[in-house]
2 protein chains.
Amino acid sequence: MTNPNDESKPENVTQPPPPPPATVDLEGGGGAISNIIRRWKREDLLNRGCLATRGFCFVFSLLAFIIMASNKHGDWKDFDKYEEYKYVLAIAILSTLYSGLQALRQVHQFHTARELFTRRNLAMIEFFGDQVMAYLLISSASSAVPLTNRMREGADNIFTDSSASAIAMAFFAFFSLAISSLISGYKLSNQSYI
Amino acid sequence: MTNPNDESKPENVTQPPPPPPATVDLEGGGGAISNIIRRWKREDLLNRGCLATRGFCFVFSLLAFIIMASNKHGDWKDFDKYEEYKYVLAIAILSTLYSGLQALRQVHQFHTARELFTRRNLAMIEFFGDQVMAYLLISSASSAVPLTNRMREGADNIFTDSSASAIAMAFFAFFSLAISSLISGYKLSNQSYI
């Protein structure tokens, strides 16, 4: 069990010194400076995580775009005969552009340490953009799934396989961007006013 | 903190006294207390907005659920012969439960002023929940759109009309929840550590 001296000792000892009121103790434990350093480290980690998820999203949407755009095998096996596949292609192009530009902007910011927007506006823009793009990606991917399922029940050839892989890439791009959007939300929640 | 003579004799004072540096001036302009009151008002407005969007989401998902579940007209005109429509029904049920419970919790909190979770955790839970539910809703709605479009090219009857209206309700529920998710993100970003 616990040491009974724990209970008796505090009465003998004079009051422990109260924490200095001047420091901004955000989360309890540690002084103000170690808190600020911890916050910086966390922000750096978040930024790197955001960059990584955007990079993944860029790669996956580029793959979805290339696979879908080259999916023409004549007769009924052309992607542009089906509106679902055209939707997937359009959203893959949009998502490639969006995530590529965001990743470029972030790398540029790392190198020059110069910010185009204020930090708060930037977090807002990232958050809204990620969310809208993620909605578009999951919408396009899940609209194309039933058609591909039906086709593969009848015939299983290079056309249906390519469509399925393009859809899978769109889903992966969605997952990357959904994680990125959660990170942006978390970054929004950790805005400091200092 | 503030000088009590500020309010009573403003004419005698030539220069307005500079704001006391000890107060936490969050956004510039106005004293600390008016800032806090403004923040409270804004938080109240946000909470009401969140409740309203959740209420709309509840109504729309309930409508989608009822319309889709009653969409059985025999032969090929049964919703449970198509996996897309079953998906819409399942997600409509989930979304009805989620938004109903969230709205109930919020109303209960308004009345008792007692909070089940800490405010920060609550904002996180709301944000993640809204986002995941919105993804599911748009996924189900957009997966059912192409099938309905194809059916309506051939025949336009009560079955296709009911499906279309259920899908429209699912889309409306998605829009409400997407707005709610943006509000939750904004609420997250306005967490104060005071």
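Biologist: Which residues of chain A does the UniProt annotation "transmembrane region" cover?

Modeller: The record lists residues 45-67, 87-104, 125-145 and 165-186 of chain A. The entry is unreviewed, and such annotations may be inferred rather than shown by experiment. The model itself is predicted.

Biologist: What is the secondary structure over residues 125-145 of chain A?

Modeller: That span is 100% helix and 0% strand. Its end C-alpha atoms are 31 Å apart. Residues 165-186 of chain A are likewise 100% helix and 0% strand. There the end C-alpha atoms lie 32 Å apart.

Biologist: How many helices and strands does chain A have?

Modeller: Chain A has 5 helices and 0 strands. Its pattern along the sequence reads α-α-α-α-α.

Biologist: What share of the contacts in chain A joins residues 24 or more positions apart?

Modeller: Such pairs make up 75% of the contacts with a separation of 6 or more. As for burial, 39% of the 194 residues of chain A count as buried.

Biologist: How do you know that the two copies are related as by a two-fold rotation axis?

Modeller: Look at the superposition. Chain A falls on chain B after a rotation of 180 degrees, with 0.0 Å of shift along the axis and an RMSD of 0.0 Å. The two copies are therefore related as by a two-fold rotation axis. The contact surface agrees: 100% of the contact residues of chain A recur in chain B, and the same surface serves both copies.

Biologist: Which residues have the most contacts inside the largest nonpolar core?

Modeller: They are A:Tyr135, A:Phe174, B:Tyr135, B:Phe174 and B:Leu177, in a core of 24 residues. Helices H3 (83-112), H4 (119-154) and H5 (158-189) of chain A each give two or more residues to this core. So do H3, H4 (119-154) and H5 (158-189) of chain B.

Biologist: What does A:Phe174 touch, leaving aside its neighbours within four places in sequence?

Modeller: A:Phe174 is in contact with A:Ala134, A:Leu137, A:Ile138 and B:Tyr135.

Biologist: Why is B:Gln106 called buried?

Modeller: Buried means under 20% relative accessible area. B:Gln106 has 3%, so B:Gln106 is buried. B:Gln106 lies in helix H3 (residues 83-112) of chain B.

Biologist: What makes the pair B:Gln106 and B:Arg54 a polar contact?

Modeller: The limit is 3.5 Å between N or O atoms, with one able to donate a hydrogen and the other to accept it. The two side chains meet at 3.1 Å and make a polar contact. B:Arg54 also appears among the residues in contact with B:Gln106, neighbours within four places left aside. The others in that list are B:Asn47, B:Cys50, B:Leu51, B:Glu126 and B:Lys187.

Biologist: How do you know that A:Cys57 is in no disulfide?

Modeller: A disulfide needs two cysteine sulfur atoms within 2.5 Å. The nearest cysteine sulfur to A:Cys57, that of A:Cys50, is 11 Å away. In chain B, B:Cys50 is in no disulfide either, with the sulfur of B:Cys57 the nearest at 11 Å. The total over all chains is 0 disulfides.

Biologist: Are these cysteines, A:Cys57 and B:Cys50, buried or exposed?

Modeller: A:Cys57 has a relative accessible area of 0% and is therefore buried. B:Cys50 is buried too, at 0%.

Biologist: Why is A:Ser140 called buried?

Modeller: The cut-off is under 20%. A:Ser140 has 1%, so A:Ser140 is buried. A:Ser140 sits in helix H4 of chain A. Beyond four places in sequence, A:Ser140 touches A:Tyr87, A:Val88 and A:Ile91.

Biologist: What makes A:Arg152 partly exposed?

Modeller: Partly exposed lies between the buried limit, under 20%, and the exposed limit, over 50%. A:Arg152 has 35%, so A:Arg152 counts as partly exposed. A:Arg152 is also in helix H4 of chain A. Residues up to four places away aside, A:Arg152 touches A:Thr160, A:Asp161 and A:Ala164. A:Leu46 is 106 residues from A:Arg152 along the chain, and their C-alpha atoms are separated by 41 Å.

Biologist: Why is A:Thr112 called partly exposed?

Modeller: A:Thr112 has a relative accessible area of 39%, so the label is partly exposed. A:Thr112 is in helix H3 of chain A.

Biologist: How far apart in space are A:Thr112 and A:Asn71, C-alpha to C-alpha?

Modeller: They are 41 Å apart, with their positions 41 residues apart in sequence.

Definitions and conventions:
Residues numbered from 1 in each chain as written. Chains lettered and ligands numbered in written order. Predicted model: local features only at pLDDT ≥ 70, side-chain atom pairs only at ≥ 80, totals over all residues. Heavy atoms only, no water. Least-squares fit on C-alpha atoms with pLDDT ≥ 70 in both. Contact = heavy atoms within 4.5 Å. Helix = DSSP H or I, 4+ residues; strand = E, 2+ residues; numbered from the N terminus. Buried < 20%, exposed > 50% of the residue type's maximum accessible area, 1.4 Å probe, protein only. Core = buried A, V, L, I, M, F, W, Y, C linked by side-chain atoms within 4.5 Å.
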